[in-house]
Amino acid sequence: MISNLSVFLCVIWAITLLYGEKFAFYWTCSWPMETTDNPADYVKIAVVTDPQLMDRTSLNLAPKSLALEIVQFYTDIFMRRAMLASIMPLKPDMVLFLGDYFDGGPVLSDEEWQDSLNRFRHIFDIRTLERVTNNRVYFLSGNHDIGYAAYHSHKPEVISRYEKVFGSRNYHFGAGEVEFVAVDAQTLDGHPLQSQTSASWSFVNNVSRDFLSPPRVLLTHIPLYRPDWTSCGSKRSSPIINQHTLGTISWQQGNLYPSFMLLTASKLAVSNASDAVSTRLCLLPAQIFIYIWGNATLRSAAKKQTVQEVFGSRNYHFGAGEVEFVAVDAQTLDDSLSPPRVLLTHIPLYRPDWTSCGSKRSSPIINQRISRATGDHEIMYQNYLTKETSNKLLNSIKPVLVLSGHDHDQCTVTHRAKHGAVVEHTLGTISWQQGNLYPSFMLLTASKLAVSNASDAVSTRLCLLPAQIFIYIWYILLFVVTLVVILVWPTNGLNIHLHIGENIRNILGFFKSNAKEKDEDENCEYEMVWDAEGSMHLIKKPKKIVPSHSTERIERGNATLRSAAKKQTVQEVNLVMPQDVSGQPGPDAGARLGQVKANKSNVRFVIRRLVRVFQVLSVVAAVNVPIYIMLLFADWIDK
């Protein structure tokens, strides 16, 4: 029969496991938007960094060993729960990974690297992410993925292996009115003549406003300035100058000859940028029919949705061959000359030692460390970019926000650049095994609407995940409490406080009685004596005191010794007489018999308690171990 105590403990453990293994990951964060904001006006972006999947290089454990497999599983299941229970329910429109997907990426064999890649795709459910975000999942390279500049010259194949799966290491993309620029920070402080370093800086220069390479085509609705009565060529109907513009395709907009244009963009690199693009104007016939139905349908749709919801972003760029097309909302150029930019770099920008990082950081240590190879002086390790490199990035790209990883701990700093103050958020690792008690991720919103202040286009919120180590400590403490409760809990459940005190006294009495008997036995000795009838008796006698070697002291103490001898004789006589005249046991024998019975009772009590502990623990384990296993594999198995 299952006791009430077993049921109570089963319920407590079930609630604890449900919270620690499932509900702790829910309700961790929300998007950084005001309640009055329209969610459709923002692109919602989740940012994750430094999962650093553990492998044979992590803890010096043998590959495929049981210890390594256990460590990997419990590290991986935490990050998978963070993705499935904390991030995915928020329904991000885009996901950014800021690097360090593997721990020993550069030194892993192709087979080991592929195994880690499969784990990474499973943990973060990349296939589902790509489906729900319409393939808007972006990856940034980290030092644990491709190494530093010193490694690239010896093993360039690690870069090609990375780019084959994750794509280019230097790129930029748009989200709403914001442009994101991803830079391979591991190569920026390398030797200027090193191919990877020069390629990264060439990219930085190309995306800055001082450089226009590759060839670009500007798309703007409002024409650029030209003097009045400028000749526009033979295809123009009216001599009145607006600018060289493409004629309307509608015959009702004042142009008898509607038109469109054909354009070719070269797929080959050209020495002269203007040769990369060729155009041809095509005139349509004069139209006399009015498409009333089509016009009414478009206007009806425009009433229900904004222009941006129907046609997408108003500022964007795209590539065609070797040509980049840049589309600009010319109606807003007087308010904003360029879209706000966010710089993405795995290695954080320079900051002085012991810089304050805010309340969310666990460790106060901020120290600049750079290691270079002895031969070619290439970078072997660095925890922050150099000051010169950081300033050059800020002044070239002119970001309003910088996102970085690598440090495994949260940090928020403000940099001073030529164009103003720039905030950098260094994100903590999402793994609980990388030295951070509070793993984290970030939620970011990019505005789809033009804003007067560029910094208002981006909002961020740091989200802390559960402290996994504290959950495991709570499990251990609860197990200890469970043992104590089972030991002292009364069997009938009545007068709990009295029974608990009695049980504790019985348990302590068992150990005290054994200690008391042991002490008495050590101070006494036994002598066998036979009486006249041939019966044997054990006589308990105190141990003899060894006299002093001083003869003078013996002489002086003769009277005392004789007195002690008399007392000892009386005690021996009492011990020899096991029964009184009436045949009843003597007082000493009765006391010994009662003590033996008490000891046996205490032993039986302790044994019963131990059996009860085993029984209750068996019931609790039988109920909750399957729950725990089910919770583990329910999250691990692909849905």
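## The end of helix α7

Right after helix α7 in this predicted model, Gly 167 adopts a positive phi of about 90°. The helix before this glycine covers residues 157-166, and it is a good place to start looking around.

## The buried side of α7

Which residues of helix α7 are buried? They are Val 158, Ile 159, Arg 161, Tyr 162 and Phe 166. When you look down the axis of α7, these buried residues fall within an arc of 160°, so they line one face of the helix. A general rule helps here: an α-helix has 3.6 residues a turn, so residues three or four places apart point the same way.

What covers the buried residues of α7? The cover includes the helices α3 (110-123), α5 (143-146), α6 (149-152) and α8 (195-207), along with strand β3.

## Two loop residues with positive phi

Most residues other than glycine have a negative phi. Two residues are worth a visit with that in mind. Lys 91 is not a glycine, yet its phi is positive, near 55°. You will find Lys 91 in the loop that runs between α2 (66-87) and β2 (94-97). Is Lys 91 buried or exposed? Its relative accessible area is 63%, and because exposed means over 50%, Lys 91 counts as exposed.

Asn 134 is the other stop: it too is not a glycine, and its phi is positive at about 60°. Asn 134 sits in the loop between α4 (126-132) and β3 (137-139). With a relative accessible area of 59%, Asn 134 is exposed. Strand β3, at the end of this loop, is also among the elements that cover the buried residues of α7.

Conventions: Residues numbered from 1 in each chain as written. Predicted model: local features only at pLDDT ≥ 70, side-chain atom pairs only at ≥ 80, totals over all residues. Heavy atoms only, no water. Helix = DSSP H or I, 4+ residues; strand = E, 2+ residues; numbered from the N terminus. Buried < 20%, exposed > 50% of the residue type's maximum accessible area, 1.4 Å probe, protein only. Arc of directions from axis to C-beta. Contact = heavy atoms within 4.5 Å.
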